[in-house]
Amino acid sequence: MRLTVFGATGGIGQEIVRQALAAGHQVTAVVRDPSKLPVTGQRLEVLAASLTEPEQVRKAVAGRDAVLSGLGARSMKDAGITHRLTRLVLAAMEAEEVRRLVVVSAAPVGPPPANQPLVDRVIGAGVSAVLRKIYDDLRVMEADLLRSGTDWTSVRPPKLVDAPLTGTYRTVVGGTPRSGRKIARSDVAHAMLAALDDPATVRQGVGVAY
């Protein structure tokens, strides 16, 4: 497939690019600073672009089969950036008639799991309170996805950690894994790529966790 990856220099974005190339896809990695992307490959195009420029975003998605987004706030001061940038991606995809989109969100944005133990509910409430602005940003993004004409999937991980790819994790389409406390960025990328060819995930949130 011909894929475009936004947020390609982030932890999840780099993993998407690396794993997509290994799977034989043609990848366009959209970055502000190409020097910050350590991944290389014959099927990789690194496109330096500003996501605040609609024409550059359109160029990045034109002619592609699917778009994957690792965009997200890296700190509280960035809260609000995810939905603003995603809106530009959605507009570009509509203009270029590209339909498939997979984005990363977060577990608290999804429905609470059934029979969640008390300790996990308490931890979750505390984390949600601290990161409320970031999760509110993601909720706005997901509302925009729902209103869009794209075939979107929102992958919703809990706490992200840096660890090697396992390919072994739980997924719940339309829900959240019970007692899911963490997952590696590499496995989130794996889940996002797996969703591309899974029709059950279209216009759905997908909870992922170990």
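Val119, Ile123 and Val127 make up a nonpolar patch on the surface of this predicted model, and together they have about 230 Å² of accessible area. Ile123 belongs to helix H4 and counts as partly exposed, since its relative accessible area is 42%. Away from the surface, the largest nonpolar core has 30 residues, and another core, of 26 residues, lies apart from it.

**The nonpolar cores**
- In the largest nonpolar core, the residues with the most contacts inside it are Ile16, Val17, Leu68 and Met192.
- Quite a few elements chip in: S1, helix H1 (11-22), S2, S4, S5, helix H6 (185-195) and strand S10 (204-209) each supply at least two residues of this core.
- H6 gives the most, with 6 residues.
- If you leave aside neighbours within four places in sequence, Val17 touches Val5, Ala8, Val27, Ala29, Val39 and Leu44.
- The other core, apart from that one, has 26 residues, and Leu71, Val89, Ala92 and Tyr135 are among them.

**Helix H2 and its two sides**
- Helix H2 runs over residues 54-61, and Val57, Ala60 and Val61 are buried there.
- These three cover an arc of only 90° around the axis, so they sit on the same side of H2.
- Glu55 and Lys59, on the other side of H2, are exposed.
- The buried residues of H2 pack against four strands and a helix, namely strand S1 (2-6), strand S2 (26-31), strand S3 (44-48), strand S4 (66-69) and helix H3 (81-96).
- After H2 comes Gly63, with a positive phi near 80°.

**Thr86 in H3**
- Thr86 is part of helix H3.
- With a relative accessible area of 4%, Thr86 falls under the 20% cut-off, so this residue is buried.
- Setting aside neighbours within four places in sequence, Thr86 is in contact with Met141 and Leu145.

**Val109 in a loop**
- Val109 sits in the loop between strand S5 (100-104) and helix H4 (118-130).
- Loop or not, Val109 is buried, because its relative accessible area is 15% and buried means under 20%.
- Its contacts, leaving aside neighbours within four places in sequence, are Tyr135, Leu138, Arg139, Glu142 and Arg156.
- Take one of these partners, Leu138: Val109 and Leu138 are 29 residues apart in sequence, but 7.1 Å apart in space, C-alpha to C-alpha.
- Tyr135, another contact of Val109, is also listed in the core of 26 residues.

Note on methods: Residues are numbered from 1 along each chain as its sequence is written. This is a predicted model: local features need pLDDT of at least 70, side-chain atom pairs count only at pLDDT 80 or more; totals for chains, interfaces and linings use all residues. Side-chain values use heavy atoms; hydrogens and water are left out. Buried means under 20% relative accessible area, exposed over 50%, partly exposed in between (1.4 Å probe, protein chains only). Contact means heavy atoms within 4.5 Å. The arc is that of the directions from the helix axis to the C-beta atoms. Patches are made of residues with over 30% relative accessible area and no salt bridge: like charges are joined within 9 Å, nonpolar side chains (Val, Leu, Ile, Met, Phe, Trp, Tyr) within 5 Å. Accessible areas come from the Shrake-Rupley method with a 1.4 Å probe; for residues, only the protein chains shown count as cover. A salt bridge is a side-chain nitrogen of Lys or Arg within 4 Å of a carboxyl oxygen of Asp or Glu. A nonpolar core is a set of buried Ala, Val, Leu, Ile, Met, Phe, Trp, Tyr and Cys residues joined through side-chain atoms within 4.5 Å.
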